[in-house]
Amino acid sequence: QFVALTDWRMSQLAKRHTLSLRQQWRVFDRQNSSPQAYLELCGRMIQVGEFLLAHDVAKEGLGKHKNDCFLSQTAAHALCKAGSPMMATKILEELVTSGVRDVETQSLLASAYKDLCEYSTSEESKFRYADLAIARYEEAYNAQVLKGSGKSEDLEKQYYPCINVAFMHFMFHHFDDANIYAKKAREICLKLRKKEKDSYWIEATEAEASLILGQVEAATESYE
């Protein structure tokens, strides 16, 4: 009963937040607001699961700030969260074509391809989207490696695309490549630990890398 009551209270709180955000959007100064103001409102909407509304806000922002890559990324991210990865890929492919090839854009596009791979019903399309996802994750990872600074902020941008390359290879039985990237991802996490950096995502990455490598005990330890 306590759990049910807590869940109900949380759902009511989320509804109030959603209502408040919709009210904020109705009175939002669309003409004079900065890209950052649009992004902050989108971020709050995504947090409470208002993905389509967040996309609409980002799209409106792009009407006023046409070349803002962060608004484009947010619009695509919201679409992926809403279960519309195909629409997201169109936004992100345009960004990449225009020359925006940072790790966030490449990883978002790869993630959208990964979703399309999962949703595909034919083997041909599954393999096609898998190849596209791997290529984008690899490009995102390699771009960060080329920086070669060794700084924590650069390392933190490496392990996410790296572990996803490993995962995609593993899912399609490219086990040698999967193992190579899983080891790289774990090495990046180890470097971050030595720099006294730690987070949920670093632990989760280490766990996934260990699973791919068949090291169940190490994975269990990380998950714990």
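Start by selecting N32, which is exposed, with a relative accessible area of 61%. Keep in mind as you go that this is a predicted model. N32 sits in the loop that runs between α1 (2-27) and α2 (35-47). Now add K64 to the selection: N32 and K64 are 32 residues apart in sequence, and their C-alpha atoms are 8.8 Å apart in space.

**Next stop: the second largest pocket**

K64 belongs to the residue range of α3 (51-64), so let's stay with that helix, because α3, α4 and α5 (85-97) each supply at least two residues of this pocket's lining. Color those three helices, and you will find that α5 gives the most to the lining, with 4 residues. The second largest pocket has a volume of about 260 Å³. To center your view, pick L62, K66, S72, I91 and E94, which are the closest to the pocket's centre among its 15 lining residues. If you color the lining by class, you will see 6 nonpolar, 4 polar and 5 charged residues.

**Then the largest pocket**

Now follow α4 (69-81) onward. Together with α6 (103-119), α9 and α11 (200-212), α4 is among the helices that each supply at least two residues of the lining of the largest pocket. This pocket has a volume of about 880 Å³. Select H77, S107, L108, Y160 and W201 to zoom in: of the 26 residues that line the largest pocket, these are the closest to its centre.

Which helix supplies the largest share of the lining of the largest pocket? Show α6, and you have it: 7 residues of the lining come from this helix. Coloring this lining by class gives 12 nonpolar, 7 polar and 7 charged residues.

**Last stop: a patch on the surface**

Keep α9 on screen, since one more residue there deserves a click. F170 lies in this helix, which spans residues 159-171. Is F170 buried or partly exposed? F170 is partly exposed, with a relative accessible area of 30%. Add M171 and F175 to the selection and switch on the surface display. With F170, these residues make a nonpolar surface patch of about 270 Å².

Notes: Residues numbered from 1 in each chain as written. Predicted model: local features only at pLDDT ≥ 70, side-chain atom pairs only at ≥ 80, totals over all residues. Heavy atoms only, no water. Patch = residues over 30% accessible without salt bridge, like charges linked within 9 Å, V, L, I, M, F, W, Y side chains within 5 Å. Areas by Shrake-Rupley, 256 points an atom, 1.4 Å probe, with all protein chains shown as cover. Salt bridge = Lys/Arg side-chain N within 4 Å of Asp/Glu carboxyl O. Buried < 20%, exposed > 50% of the residue type's maximum accessible area, 1.4 Å probe, protein only. 1 Å grid on protein atoms, 1.4 Å probe; cavity = no way out; pocket = protein on both sides within 12 Å on 5 of 7 lines; lining within 4 Å. Points joined across faces, edges and corners; volume = space filled by probe spheres on them. Nonpolar A, V, L, I, M, F, W, Y, C, P; charged D, E, K, R; others polar.
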